Amino acid sequence: MSLSQKVLNEALSLRDFIVNTRREFHMYPELAFQEKRTSEKVAEVLEKLGFKVRRNVGKTGVVGLLVRNPNRPTVALRADMDALPLQELKETPYKSKVPGIMHACGHDAHTAMLLGAAVVLSRLKDYINGNVKLIFQPAEEVGQGAPEMIKEGVLEDPPVSAIFGLHVWSYLPSGVVGIREGPLLAATGEIELKVKGKGGHGAHPEQTIDPVVVSAYLVTAYQTIVSRNISALDSGVVTISSIKAGEAFNVIPEEAFLKGTYRALTFEVKNLIKKRLQELTDNICRAFNSECSLKLTDSTPPTINHPLTTKIAYEAVSELVGKEKVLTPTPSMGGEDFAYYLEKVPGTFIILGTGNKEKETDKPHHNPYFDVDEDVLPIGSAIYAYTAIKALEKL
């Protein structure tokens, strides 16, 4: 029997453990940097398996280390633990018991799959030619968990030579795996804009400086950044998702407030977007004699998969599930703070399809009806474990 088959068989034998663990996390979701119940469960499982455990890394993160050969490289595997401030609407036996909070992005599945991988690795530790570090990270949804854990030395002692992450993906059919070299997810940022005009009666707009009209021009002009300033061969997004101004039908307000996001797959395009946002804001506001205050805040960098680790991941996953189930996905303009690890060490972020229309697991991420196909979870555990084993053979 091949090693890949041994790993897969071990993972499949853990189906009940992985599914039940995921359901427990799903019923008791916790927001960013509040993952105390989740992290305690994670730490308990790792300690029973013989991992060296560090608690409270990056506030509420957990690190488990399995040392097999101190003189060989260390490979890291990462899962995120936090949930979203969203009321779950899908009725299931494991529906969230915490009002207004749910796992609508699959982090409960990630944590359960990595714990499943921990069991597999502990059972097959004789095949590990080096060391494996398991990173259970808080606060991915706010883009702050990875920087906090890096700050506290998660990639050191021992130093990490390569890192792999895994994300369930409802947009791919269940069991299909997406692996892509280069940019996979976007750099993200937040737009906050205050437009100050001169309020007055709706019947006499000539006596005012209408911030609503200024905002309308700004929103329209911002769309030309993508359509007229960025090459059609590149990718960028500028979205204004919130405009707030005034209350009454016959009152022109004094101020308007806009919020939105900018995204790009490269730093060059991201910087171009920011430059044009500022230029358009300054000039349009000046043209209307209004005052504008624009704040642009970078969030996550782009998630860029390294060539060597991506090749390793592709070969490992192909051995597990067959090449016919491994594809090169289209990049997404979503963001991931896994990108911060990739700025420090080579690594690859893998996506695992969980979309199944019959099981109603094809709903978008961050949707109140989001769910995952639990039959796929053991495959995720196998991918985590086998990719680490194969990486240590190559490094």
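Modeller: Let's open with a term: a strand is a DSSP run of E, at least two residues, and strands are numbered from the N terminus. Ala256 is in one of them, strand β12, which covers residues 255–264. Keep in mind throughout that we're looking at a predicted model.

Colleague: Okay. How many helices and strands does the protein have?

Modeller: There are 10 helices and 16 strands.

Colleague: And how do I read the radius of gyration of the protein?

Modeller: Set it beside what a compact globule with the chain's number of residues would have. For 395 residues that would be near 21 Å, and the protein has 23 Å, so the two agree. For another view, look along the principal axes: the C-alpha trace spans about 80 × 40 × 40 Å.

Colleague: What share of the contacts joins residues 24 or more positions apart?

Modeller: Take the contacts with a separation of 6 or more; residues 24 or more positions apart account for 80% of those.

Colleague: Now burial. What percentage of the residues counts as buried?

Modeller: The cut-off comes in handy here: under 20% relative accessible area is buried, over 50% is exposed, and in between is partly exposed. By that rule, 54% of the 395 residues count as buried. As for the surface, the protein exposes about 17000 Å², with carbon and sulfur atoms supplying 51% of it.

Colleague: How far apart are the mean positions of the positive and negative charges?

Modeller: They're 3 Å apart, for 45 positive and 48 negative charges.

Colleague: Back to Ala256, then. Is Ala256 buried or exposed?

Modeller: Its relative accessible area is 0%, so Ala256 is buried. To see what surrounds a residue, skip its sequence neighbours and list what else it touches. Leaving out those within four places, Ala256 is in contact with Leu193, Lys194, Val195, Pro211, Ser215, Lys244 and Ala245. You can also check C-alpha distances: Ala256 and Gly197 are 59 residues apart in sequence but 8.2 Å apart in space.

Colleague: Lys194 is on that list of contacts. Where is Lys194?

Modeller: In strand β8, residues 187–196. With 34% relative accessible area, Lys194 is partly exposed. Beyond four places in sequence, Lys194 touches Glu255, Ala256, Phe257, Glu291, Cys292 and Ser293.

Colleague: Which side chain does the side chain of Lys194 join through a polar contact?

Modeller: That of Glu255, at 3.2 Å. The C-alpha atoms of Lys194 and Glu255 are separated by 7.1 Å, although the two sit 61 residues apart along the chain.

Colleague: Can we try a polar contact made by a threonine? With which side chain does Thr309 make a polar contact?

Modeller: With the side chain of Thr348, at 2.7 Å. Thr309 lies in helix α8, residues 307–321. Its relative accessibility is 1%, so Thr309 counts as buried. Besides Thr348, the residues in contact with Thr309 beyond four places in sequence include Ala162, Phe164, Pro346 and Gly347.

Colleague: And Thr60: where is it found?

Modeller: In a loop, between β1 (52–57) and β2 (61–67). Loop residues can be checked for burial by the cut-off we used before. Thr60 has 5% relative accessibility, so Thr60 counts as buried. Its side chain is joined to that of Glu35 by a polar contact of 2.5 Å. Apart from neighbours within four places, Thr60 is in contact with Phe33, Gln34, Glu35, Lys36, Ser39, Met81 and Pro138.

Colleague: Let's turn to the backbone. Which residues does a cis peptide bond join?

Modeller: For this one you read omega. At the bond between Asp157 and Pro158, omega is about 0°, and the bond is cis. Pro158 lies in the loop between α5 (145–151) and β5 (160–173).

Colleague: What about phi? What is the value for Asn289?

Modeller: Look at the sign, and at whether the residue is a glycine. Asn289 isn't one, yet its phi is positive, near 60°. Asn289 is in the loop between α7 (267–287) and β13 (291–298), and its relative accessible area of 60% makes it exposed.

Colleague: How does Glu360 read, and where does it lie?

Modeller: Glu360 has a positive phi of about 60° and is not a glycine. You'll find Glu360 in the loop between β16 (347–355) and α10 (377–394). At 44% relative accessibility, Glu360 counts as partly exposed.

Notes
Residues numbered from 1 in each chain as written. Predicted model: local features only at pLDDT ≥ 70, side-chain atom pairs only at ≥ 80, totals over all residues. Heavy atoms only, no water. Helix = DSSP H or I, 4+ residues; strand = E, 2+ residues; numbered from the N terminus. Rg over C-alpha atoms; globule rule 2.2 N^0.38 Å. Buried < 20%, exposed > 50% of the residue type's maximum accessible area, 1.4 Å probe, protein only. Contact = heavy atoms within 4.5 Å. Areas by Shrake-Rupley, 256 points an atom, 1.4 Å probe, with all protein chains shown as cover. Lys, Arg positive; Asp, Glu negative; His and termini not counted. Charge placed at Lys NZ, Arg CZ, Asp CG, Glu CD. Polar contact = N/O pair within 3.5 Å; in protein donor to acceptor, adjacent residues only side chain to side chain.
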